[in-house]
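Me: Hey, I've just opened this one and don't know my way around yet. Can you walk me through it?

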Amino acid sequence: MANQEDNLFKNVISHAKEYGFIFPSSEIYDGLSAVYDYGQNGVELKNNIKEYWWKFMTLLHENIVGIDAAIFMHPTTWKASGHVDAFNDPMIDNKDSKKRYRADQLIEGVIEKLEEKIEKEVEKAAKRFENFDRTMFLTTNARVVEYQKKIDEINERMKGALGRGDMADLKQLIVDLEIADPISGTKNWTEVRQFNLMFSTEMGSVADDANKIYLRPETAQGIFVNFLNVQKTGRMKIPFGIAQIGKAFRNEIVARQFIFRMREFEQMEMQFFVKPGEEMQWYEFWKAKRLKWHQTLGLGTENYRYHDHLNLAHYANAACDIQFNFPMGFRELEGIHSRTDFDLKSHEKFSGKKLQYFDSEDNQNFVPYVVETSVGLDRMFLSVLASAYKEEKLEDGSDRVVLKIPAPLAPNKVAILPLMKKDGLPEKAMEIMNLLKFDFRCFYEEKDAIGKRYRRQDALGTPYCVTVDHQTLQDNTVTIRDRDTMKQQRVAMDAVRSIIQESVSMAELLKKI
Ligand code: GAP
């Protein structure tokens, strides 16, 4: 990460703590690695993101319903899903620094450096030549071609080793690439070992293997095992979807970058059950729909891109990520996967129960194919927070930090501020608050100078401030201030609701998708 972006990211993290969005978990005991708590403002923003997703899925699509499955599931679930045998990351330790790494990420680091070198050559050439043709340059410049060849070779070797589960070859690749530990600077590595990412615990009072259960590493399996329950009781006709928001747990080897990679996180997943043979058309449908959902938030269309998976998981016949331009660069925000009939078929095999759909038109039973959309709630939160965070220099030379959170997602929609704490202004302000609080989340504050209170609301991302002054007592007008423009206007008290309504409304936002 470049230094400037690095600093910005650090500022976002400390702002999140200072203003009650995110705290390190159990901080009084020095925290718990890669686990975070959402504070009084964070929980509101998080709930609003959930609402935006949940309403999009279950209100805008009459063929999608929701469920809320338990975190604990029968242990055979994870045998059937493949997680017990294959949900592994390759890990390696440096014997000098005692630090643990993901072997594939160390290798990817080398690839990233080569890619940076290519970009530098491109930048240099683009400055030199007027009619610069990037594609032509990439295929003809000898140095760039050499870098690209190296990248392809490394990629191929790494993917081959991962695919075969050949950890010795992965270690050899690290040795051949002369990768050194960034902390100790040495190449004194252990062997590479597979590390299963699932957390396990025991159920009941007897702690032996027979009672071992797992904390779910994805919410999707709770949907698959309930496929028939929902289809039958909801009289659902294919194609239809089941949506779910819930916690997932992964014992990530390298968990860092704040809430980007956590050990306890939340997913918003939807499994869409379709007729075999129709999955690719639905895959394209959901790819486009989900991108539109993201872009409608107004965080900048240029900040999203698709990243198609070239190496598919054994159960998928197509997969892509929607990446977001996070402070540390473009990274996965959401996954869209065409999972074939792998999960339902596997649960049929392990449970001995039929998980099929009867198509009355064709008069036949079949195991549906599945298209999945899966977005991390915490990553969504980070995408909103990081792009909303702005450090501004104002015309009068002063600075302000403002969170330009999309108004329907903002923790508070309006702050009600009596100019002074006397002369009946607080009482009048409470009167307004009592009018508005049923429709909008309001924040009341009477301490400090008004300018200071405006800045505080900017830092919290509150779209509007309503100020009550002596004139309000005479003519029932108030000042309303817009967070983004900082413009103020004098309006009738009764007009406040309609001024705010449209821009903070979740329904209006959903209509734009
Ligand atoms: N059911 C499919 C599935 O779980 P995934 O790509 O492993 O697929 C889906 O995860 C999404 O969950 C990711 O795109 C990401 O947003 C989020 N996610 C995954 N691991 C995470 C972690 N350790 N911390 C935070 N979010 C995570």
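Reply: Sure, and keep in mind that this is a predicted model. A good place to start is where two domains meet: domain 1 and domain 3 bury about 1,700 Å² between them, and 74% of that is on carbon and sulfur atoms. In domain 1, the residues that lose the most area to domain 3 are Y19, N48 and A388, together 26% of what that side buries.

Me: Why give an area for that?

Reply: Because the size of an interface is often given as the accessible area lost when the parts come together.

Me: OK, and where do the domains run in the chain?

Reply: The domain assignment puts domain 1 at 1-75 + 197-389, domain 2 at 88-195 and domain 3 at 394-511.

Me: How many residues of domain 1 and domain 3 are in contact?

Reply: On the domain 1 side there are 20 residues, in contact with 19 residues of domain 3. The centres of domain 1 and domain 3, taken over C-alpha atoms, are 35 Å apart.

Me: How many salt bridges are there between domain 1 and domain 3?

Reply: The count is 1 salt bridge. As for polar contacts across that interface, 5 residue pairs turn up.

Me: Which helix gives the most to the domain 1 side that touches domain 3?

Reply: That's α2, with 8 residues. Both α2 (42-58) and α13 (377-388) supply at least two residues to that side. Sorted by type, the residues of the domain 1 side are 13 nonpolar, 4 polar and 3 charged.

Me: Back to salt bridges. How many are in the whole structure?

Reply: A search of everything finds 38 salt bridges. One of them joins the side chains of E266 and K46, at 2.6 Å from N to O. E266 sits in strand β10 (residues 264-274) and K46 in helix α2, so to speak a link between distant parts of the chain, 220 residues apart. R441 and E44 also meet through their side chains in a salt bridge, at 3.2 Å from N to O.

Me: Why would side chains pair like that?

Reply: Side chains of opposite charge can pair when their charged atoms come close.

Me: New topic: the ligand. Which residues are closest to it?

Reply: The closest are E218, M262, E269, E332 and L333, out of 20 residues that surround the ligand.

Me: What do E269 and E332 do there, distance-wise?

Reply: An N or O atom in the E269 side chain lies 2.5 Å from a nitrogen atom of the ligand. For E332, an N or O atom in the side chain is 2.6 Å from an oxygen atom of the ligand. The backbone comes in too: an N or O atom of the F260 backbone is 3.4 Å from a ligand nitrogen.

Me: Last thing, any backbone oddities I should look at?

Reply: Take the peptide bond from I238 to P239, which is cis, with omega near 5 degrees. P239 is in the loop between α10 (227-233) and β9 (240-249).

Me: And what about E178, is its phi positive or negative?

Reply: Positive, near 55 degrees, in a residue other than glycine. You'll find E178 in the loop between α8 (167-176) and β6 (193-196).

How values were computed
Residues numbered from 1 in each chain as written. Predicted model: local features only at pLDDT ≥ 70, side-chain atom pairs only at ≥ 80, totals over all residues. Heavy atoms only, no water. Domains from an automatic or database assignment. Contact = heavy atoms within 4.5 Å. Buried area = accessible area lost by both parts, 1.4 Å probe. Salt bridge = Lys/Arg side-chain N within 4 Å of Asp/Glu carboxyl O. Polar contact = N/O pair within 3.5 Å; in protein donor to acceptor, adjacent residues only side chain to side chain. Helix = DSSP H or I, 4+ residues; strand = E, 2+ residues; numbered from the N terminus. Nonpolar A, V, L, I, M, F, W, Y, C, P; charged D, E, K, R; others polar. Near = heavy atom within 4 Å.
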